[in-house]
Amino acid sequence: KLVKQYDIPLISFTNDKSLSEKQIWISGFSPDDQVDKLIQYVKKCKKNRIGFIGIENEYGFRVLKMIREKLKKIPLKKTILFNEKDLKNKSELNYAVQDFLDYDELKNESEDNLEKLDAIFLIGDTNFIIEIMPMLTYYDLDTKLTDILGTDVMNDDLLIREHSLINVKFP
């Protein structure tokens, strides 16, 4: 109230563009901007076998929609959204991750490389990512061959120290 009354400039450390107005500037990197950066990376690196793993909520749906709109010429090969109930049922979660990765421990590694995803968008909060990513690597996801792409959530200290997130890319 005082900011508007006295016309005081304010810099807000948020990425919510809806809060931006006269004399209020936002300084964060919006989710839209972050997704745009990731899309630019995918296109620049000529990634064409792309997957999406996200949390089933408004944010997950929003990011998935943006990615689909911006990658019209490169359709997502696989998409999966997990809700809170899915995350609690560990055996079903394991099966879903195995299915997403086409995991088969008897499959010959050399014949499988052509089918593997070369990039996966991993979208969710810290708890979601720390739940999903170790499973992905457990079921033979090689982060040297498949880029894991995420938002600035990946800049969390816990995630930075998580071994399964080595080589992850985020804006």
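Two rings of Phe, Tyr or Trp, the last represented by its six-membered ring, are taken as an aromatic pair if their centres lie within 6.5 Å. By this criterion, a search of the whole structure, which is a predicted model, returns three aromatic pairs. In one of them, the ring centres of Phe 82 and Phe 128 are separated by 6.4 Å and the ring planes meet at 45°, so the arrangement is classed as tilted. Because Phe 82 belongs to strand β4 and Phe 128 to helix α7, this pair ties together parts of the chain that are 46 residues apart in sequence. Both Phe 82 and Phe 128 are buried. Tyr 138 and Tyr 139 also form an aromatic pair, with 4.9 Å from centre to centre and 85° between the planes, an edge-to-face geometry. The two tyrosines are assigned to opposite classes of accessibility: Tyr 138, at 59% relative accessibility, counts as exposed, whereas Tyr 139, at 10%, counts as buried. Ring pairs join Tyr 138 and Tyr 139 with Tyr 103 in a cluster.

The secondary structure of the protein chain consists of eight helices and six strands. In sequence order these elements follow the pattern α-β-β-α-β-α-β-α-α-α-β-α-β-α. Of the 171 residues in the chain, 39% are buried. Among contacts with a separation of 6 or more, 64% are between residues 24 or more positions apart.

Helix α5 comprises the twelve residues 90-101. At 1.5 Å a residue, a helix of this number of residues should span 16 Å, and the C-alpha atoms at the two ends of α5 are 16 Å apart, in agreement with that expectation. The buried residues of α5 are Leu 93, Ala 96, Val 97, Gln 98, Phe 100 and Leu 101. The elements that cover these buried positions include strands β3 (50-55), β4 (78-82) and β5 (119-123), together with helices α4 (84-88) and α7 (126-138).

The arrangement of α5 relative to α7 was examined further. The two helix axes come within 10 Å and cross at roughly 55°, which makes α5 oblique to α7. The crossing of α5 past α7 is right-handed. On the α5 side, the contact is made by Lys 90, Leu 93, Asn 94, Val 97 and Leu 101, and on the α7 side by Glu 131, Ile 132, Met 135 and Leu 136. Leu 93, Val 97 and Leu 101 thus appear both in this contact and among the buried residues of α5.

Two buried positions illustrate how segments distant in sequence are brought together. Gly 54, in strand β3, has a relative accessible area of 0% and is therefore buried. Its C-alpha atom lies 4.8 Å from that of Leu 81, although Gly 54 and Leu 81 are 27 residues apart in sequence. When residues up to four places away in sequence are not counted, Gly 54 touches Ile 80, Leu 81, Phe 82, Ile 123 and Phe 128. Both members of the tilted pair, Phe 82 and Phe 128, are included among these contacts of Gly 54.

Val 42 is located in helix α2 (residues 31-44) and is likewise buried, with a relative accessible area of 0%. The C-alpha atoms of Val 42 and Asp 118 are separated by 9.5 Å, the two residues being 76 residues apart along the chain. With neighbours within four places in sequence left aside, Val 42 is in contact with Lys 47, Ile 50, Leu 71, Phe 121 and Leu 149.

Backbone torsions were also considered. Most residues other than glycine have a negative phi. Lys 46, which is not a glycine, has a positive phi of about 55°. Lys 46 is found in the loop between α2 and β3 and, at 68% relative accessibility, counts as exposed. A positive phi, near 50°, is also assigned to Asp 102, a residue other than glycine. Asp 102 follows α5 and lies in the loop between α5 and α6 (109-112). With a relative accessible area of 34%, Asp 102 is partly exposed.

Technical notes
Residues numbered from 1 in each chain as written. Predicted model: local features only at pLDDT ≥ 70, side-chain atom pairs only at ≥ 80, totals over all residues. Heavy atoms only, no water. Helix = DSSP H or I, 4+ residues; strand = E, 2+ residues; numbered from the N terminus. Expected span 1.5 Å × (residues − 1). Buried < 20%, exposed > 50% of the residue type's maximum accessible area, 1.4 Å probe, protein only. Contact = heavy atoms within 4.5 Å. Phe/Tyr/Trp six-rings, centres within 6.5 Å; stacked < 30°, edge-to-face > 60°. Axes fitted to C-alpha atoms, helices over the stretch in contact; angles between N-to-C directions. Parallel < 35°, antiparallel > 145°, perpendicular 65-115°, else oblique. Left-handed = near helix turned anticlockwise from the far one by under 90°.
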